[in-house]
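Please open the model in your viewer and keep the sequence panel beside it. The stops below say what to select next and what is there.

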Amino acid sequence: MDQDLAITIGATARAAREQMGLTQAEVAERVGLVPPVYSRLERGQMLPSVPTLYRLCTELKVSSEELLGLEASGRSGTGPRAKEDDAPSLRRLLHLARKLDEGKLDALVHVATELAR
C-alpha cells in the first residue's frame, strides 16, 4: 500500500465530509462501506477500490484529481483550494489551515463553527 497516497485520500475525504457537514457513518452508507472501514480510509490506513473511489468523488463532490492529491495547491489533497475570486483573508486562512496538524485543524474548525453561529 502506498501510505502517502492513503493519507492524502483520507485527509481530502475527511475535509470534504466535514465541509458538507456529514458524519463518517453517513458517508460510509452513501458509498457502500461499513463505518469502521470508512474510518480506516479517512485515517489513511487503507486505499479504496476504484469503484469506491468513484463513489467517494461523487458523494463528497470532489474531483478524482483532488482526492488523489494531483491538483496543484499548497499541500495537495487536504481540502478545498482557494479560488482567485475568494477574499484575500480567506485564501490566507486556507493556506495556513493546510499547514496544521490534525489536532490544531480540529481546534480551528471548532473555533470557526462557533464564530459562524
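What follows is a walk from the whole chain to single residues.

**Before you start.** This is a predicted model, in which local features need a pLDDT of at least 70 and side-chain atom pairs count only at pLDDT 80 or more, while totals for chains, interfaces and linings use all residues. Residues are numbered from 1 along each chain as its sequence is written, and side-chain values use heavy atoms, with hydrogens and water left out.

**The whole chain.** Select the protein chain in cartoon view, and you will find seven helices and zero strands, where helices (H or I, at least four residues) and strands (E, at least two) are DSSP runs numbered from the N terminus. Read along the sequence, the pattern is therefore α-α-α-α-α-α-α. Switch to a surface, and the accessible area comes to about 7400 Å², with 57% of it belonging to carbon and sulfur atoms; such areas come from the Shrake-Rupley method with a 1.4 Å probe, and for residues only the protein chains shown count as cover. Of the 117 residues, 32% count as buried, where buried means under 20% relative accessible area, exposed over 50%, and partly exposed in between (1.4 Å probe, protein chains only). Among the contacts (heavy atoms within 4.5 Å) with a separation of 6 or more, 54% join residues 24 or more positions apart.

**Colour by confidence.** The pLDDT, which is the predictor's confidence in each residue from 0 to 100, averages 84 over the chain, and 87% of the residues score at least 70. Now select residues 72-79, where pLDDT stays under 50, although the model has 22 contacts beyond four places in sequence for this stretch. Where pLDDT is low, the predicted coordinates should not be read in detail.

**The core.** Next, select Ala13, Val27, Tyr38, Leu41, Leu56, Leu60 and Leu67, which have the most contacts inside the largest nonpolar core, a set of 17 residues. A nonpolar core here is a set of buried Ala, Val, Leu, Ile, Met, Phe, Trp, Tyr and Cys residues joined through side-chain atoms within 4.5 Å. Which elements give two or more residues to this core? They are helix 1 (3-20), helix 2 (24-31), helix 3 (35-42) and helix 4 (50-60), and the largest share, four residues, comes from helix 4.

Centre the view on alanine 13 in helix 1, which is buried, with a relative accessible area of 0%. Leaving aside neighbours within four places in sequence, alanine 13 is in contact with Tyr38, Leu41, Glu42, Leu60 and Leu67. Then move to valine 27, whose contacts, with the same neighbours left aside, are Arg17, Leu22, Tyr38, Leu56 and Leu60.

**Partly exposed positions.** Select proline 35, which is placed in helix 3 and counts as partly exposed at 38% relative accessibility. Beyond four places in sequence, proline 35 is in contact with Ala25 and Ala28, and the C-alpha atoms of proline 35 and alanine 25, ten residues apart along the chain, are separated by 5.1 Å.

Go on to glutamate 59 in helix 4, which at 25% relative accessibility is also partly exposed. Beyond four places in sequence, glutamate 59 is in contact with Met20, Arg30 and Val31; measure from C-alpha to C-alpha, and valine 31, 28 residues away in sequence, lies 7.1 Å from glutamate 59.

**A loop residue.** Is lysine 61 buried or exposed? Lysine 61 is exposed, with a relative accessible area of 67%, and is found in the loop between helix 4 and helix 5 (64-67). Lysine 61 has a positive phi of about 55 degrees although it is not a glycine.

**The last helix.** Finish at helix 7 (residues 102-115), whose 14 residues, at 1.5 Å a residue, should span 20 Å, in agreement with end C-alpha atoms that are 20 Å apart; the expected span is 1.5 Å times one less than the number of residues. At the N-terminal end of helix 7, aspartate 101 acts as a cap, with a side-chain oxygen 3.2 Å from the backbone nitrogen of glycine 103.

Terms used: A polar contact is a pair of N or O atoms within 3.5 Å; within protein, one must be able to donate a hydrogen and the other to accept it, and residues adjacent in sequence count only if both atoms are side-chain atoms.
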